[in-house]
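Welcome! Open your viewer, turn on the cartoon view, and get ready to select a few residues as we go.

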Amino acid sequence: MNGPSSSQPGVAVRAGSRAVALPELSEPSVTGSPGVAGAPFVGYPGSAFIYRVRYRHPDNVPPAYVRVRILNPSATHYSELRVLMLTREPGQSGSEADPGIFYSNAVKDAVSEGPFAGFGAPGTYHYYFEASDGQRVTTLDFGGRPFDGPVVAAPALSPLGVTPVRGVRAEPFTFQVRYAHPAGVRPASVRLRLIGPKGDPIPLANNGAMDPPEAPVDAELVSPGWVFTSKPILLPEVGTYRYSFLASDGYTEVEAPLPTTAGPVALPVEPAVLSGASALPAAGMPNKVTYRLTYQQSQGLVPLIWVVVGGQSYPMERENPADEDLSDGAVFAATLDRPAGAGPHQYHFIVRAPGIDLRFPQTGSFGGPNAAPLLEVPAGGTVSPLAGSEGTLFTFQVRCRDVDATTDPVVQVVVGNQQLPMAKVSGDVTGEGALYALQTRLPAGKLVHRFLASDGQDTARLEASGGEPFAGPEVLPQTALNVSVTPRQLSLDGTTAITVTGRLMPVVPAADLRVTYQPPTGAPVVQDVLADADGRFSDRFVPNRGGTWNVSVEYVGEAGTIGGGQEGPFPVSVAPSTFALPAGVSMIGLPVLPDGGDLGQILGAGVRVARWNGSGYDFGPGDSLPPLKPGMGVWVLRESAHVAQAVGTAVTPNQAVAVPVQKGWNQVANPYLAPVAWASVSFQPVGGAARPLAQAAQEGSGRLAWDHAWLYEGTQYALVHATVPGAARHLEPWQAVWFKANVAGNLIFAPPGSREADIAGASAERRVRRAANDWDIQVVATNGEQSDSFNFAGVTPDGRAANAALESPPVLSRYLDLYFTGVNGTGRLATDYRSPAASRLVWELTVETDVVDRPVILKTPNLASVPKELDVVLEDVDGGGKRTYLRTAGGYSFHPGQQGRRHFRLIVEPRSEGALRISGVEVTPTRGGRAISCSVSRAALLTVELLGPAGRRLKLVADRQATAAGRATVWWDGTREDGARLPAGVYLVQVTAVTPEGQSAREIKPMVVVRW
């Protein structure tokens, strides 16, 4: 809205057809009476407004009239209200020509004349000026539209609501509204209108008139306004009410809100909940009783409460004045003198609140206050013995009687600055009384004691005469134990011990002590220790399971002279042994007995287990698998890798372990958490004596068992043996093996680190000596996924004795197995050593596999030990007798076929005189190239290659070209593989010959190219 008192542009001039001087209008304004410049143009119905404008005429012609056209408020259009004639203001200097004369309706009543008297309707009015000099008419407006003003304002009501919005009918409700007036007019009235739940108006005192604020300030009428508050109103009935506010400034009455607002809600009075009635001794005030009652009322109605004792009523107060929330309960209390007389005593409560009038309990009374317990000295006194040491168990006793007890009182003895609970031994507290007792050890000193008994309300004391405590007992000091336990953290490895060292102070020579090792679960391990002449002692213990062990040391002492003592417990954290279990198939043994037989907590969820029973497999977990014990080997299948933990009980690390075996192959494992030397393992047949494996494997006495075993390493087996070169000498923790026995018995493992293990291992290493003329050949079979590499054929002067024929282990699914069949052709051997012979030696071997879709390669990785005058030939028996010279061939590849079995011969024989040789390699220039010639001793396939100085092939001149024995020549055109001519330089000519049997020879000759 534009300010009406400021000068505005946009004067509209109406003129004739010839140029004449026109009247001019300027400086328009509308103000409130008495017309002071800058006065507000906001008023109220009935307000008088003064319109004012300056009239000027260049020809100094006075106006025929000056008037203002006033338009009423309208939201959509202007409608003319009236025309008001303006008169010349007196006392002005100058003329109509310069500077002009002001015209206005200077008389207040001017707007009250005629049928359109006053500004009766609230809203924004509009106006423009019009003047005439008798000939021409001039108007003044705001750019083609009327000026804004004045504003005729009405009261404004802002409802502030009702408190409470929801409340009980018995409590008053209060309503508030804010009254404001843009013109600062005080209200003539502000009233509340209230409609009941049934739609009927609720009669209100003084017609609902509301109270203004105290000391109202007129300046606040415009903003923010005055807050009016109703008198507190008790709603007559339950239900939802509606209300509105009405206000008048004497001219206009308004109502808000519209439509009538719903609320408040008058609720019925909810019942009060009374609980927690008690009459207890007042804290710190003898002979006083505090009566208490918990009052809860969901609507927060504040009560008046009295306690009635002996027919007399006493008011109660809220025990915690800050606890104003009665919906969750508040405690009311009154502290009064304890009633006189022996009782029984009784009391009840009276409770009153708006809409509430109660007696609690409804009938009868509560019993109370309480009768205190009574303590008496029992026969035999209060403590026994009267003297002892810090290690002595002292017995305290007292008799307690409580005639009105519903539960046994709490009885305590106070001794040596300690308040110790006592237990009821016998008797009835409500009758003749009950005997209470306590046994305890006490600190050194001349002590005193007294007794306390509490029934939860009153506490009784028992002391000697005169209120003094009872004397005794006298406690002698005990011997101090200076104890050290190391380490405090260790891994469960079967060898690391918990070491306990200490000393008795003062010194007690040759004293008996007891060291207790308490495992995480199960019975403790107790070991007796004897102190030396200086009172020093030590002990060690190897834990057999993971978790926290608690170690304590106890000295009983000598009665009457010096007290015993105890130190501990000292916690020792033992981390379980772990094992990285890969994905796929593994053969392992558990170094612990699983808790509850649960394999999942060790091997992880989803694991599958199989164990050979002599004729087939038992499967688990569960199923047919028997409980697994240390020393038993199993197959384990996992879809993913897992870190296994030794959760369970390990075997005693300093004791030998006997693992039962049956005739045939057995899955056995290292039963310990530490490595075991295979040389220390012995075999005991059923009903016989134990003997070293080397002795049990001797054929002369009837072989009882084999002295080797087989580890599974993920894709192939590895040998475990005390003396065979390349074999594993130890079984590591968690490792399992295949072991074969010819009779049933026990495989006995010596403890790791024991004398038997050390001596056996050392002597086994000393036996690893070979004669200088020994040689052997390792034969390896592989298909790229599976391998079998521990296979040896060879000669030795003693035939390797028991090691000459080591039997191959059982196979798995998706296996690849190479074995020698031995002299009689029926064995399944991993090693086959023979006595030396000057003639031809032949080993029969077989390759078996169930992976028939992958080619197999046979290799002999190292023939260095075989004398050079001997040829090593592999003959494919099932492949038409094809022969391969293994000294020159990288290996032999074949397809296993549908049967998955192939027979071969490994032949070692003196080299024949007709061995293949290459000699006389020559390079001769020819027209357009070079002639390369050589001599070969036998018919062969000839390959000629041109190589660079670094050995890189530049040209394949001849590829497996058949040639007879004698001189052979090939021609080279002087180019490389890409057709470019070879530049000058030094090069190599390599000639290779291969016989049909696979024998090969090679010669290399340098060649210098100068120019072509």
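In what order do the 4 strands of the open sheet that holds β49 line up? Keep in mind that you are looking at a predicted model. Reading across the sheet, the order is β47-β51-β49-β50, and the pairing is antiparallel.

**Stop 1: the sheet**

Select 584-589 to bring up β47, which is one edge strand; β50 is the other, and each of these two pairs on one side only. Turn the view and look at the twist, which averages 25° from one strand to the next. Now add β51 to your selection: β47 and β51 run antiparallel and share 6 bridges. To find one residue pair, show Met-587, whose bridge partner in β51 is Trp-635.

**Stop 2: the largest nonpolar core**

Show side chains for Leu-603 and Val-609. Among the 43 residues of the largest nonpolar core, these two touch the most other members. Several elements each supply at least two residues here, including β38 (480-486), β45 (562-575), α1 (600-603) and β51 (633-638). The strand that gives the most is β44, with 4 residues. In soluble globular proteins, nonpolar side chains tend to be buried together.

Which residues are in contact with Leu-603, leaving aside its neighbours within four places in sequence? Select Leu-581, Ile-588, Leu-590, Val-609, Val-636, Arg-638, His-642 and Ala-644 to see them. Then move to a second, separate core of 27 residues, which includes Trp-775, Leu-841, Leu-863 and Leu-874.

**Stop 3: unusual backbone**

Most residues other than glycine have a negative phi, and most peptide bonds are trans. The next selections go the other way.

Go to Phe-360 and Pro-361, which are joined by a cis peptide bond with omega of about 0°. Pro-361 lies in the loop between β25 (356-360) and β26 (366-367). Another cis bond runs from Gly-620 to Pro-621, with omega near 0°. Pro-621 takes you back to the sheet from Stop 1, in the loop between β50 (617-620) and β51.

Next, select Ala-510, in the loop between β40 and β41. Its phi is positive, near 55°. Is Ala-510 buried or exposed? Ala-510 counts as exposed because its relative accessibility is 51%, and the cut-off for exposed is over 50%.

Finish at Arg-814, in the loop between β67 (792-795) and β68 (816-820). Arg-814 also has a positive phi, near 50°. With 46% relative accessibility, Arg-814 counts as partly exposed.

Notes. Residues are numbered from 1 along each chain as its sequence is written. This is a predicted model: local features need pLDDT of at least 70, side-chain atom pairs count only at pLDDT 80 or more; totals for chains, interfaces and linings use all residues. Side-chain values use heavy atoms; hydrogens and water are left out. A nonpolar core is a set of buried Ala, Val, Leu, Ile, Met, Phe, Trp, Tyr and Cys residues joined through side-chain atoms within 4.5 Å. Buried means under 20% relative accessible area, exposed over 50%, partly exposed in between (1.4 Å probe, protein chains only). Contact means heavy atoms within 4.5 Å. Two strands pair if DSSP finds at least two bridges between them. Axes are lines fitted to C-alpha atoms, for helices over the stretch in contact, and angles run from 0 to 180 degrees between N-to-C directions.
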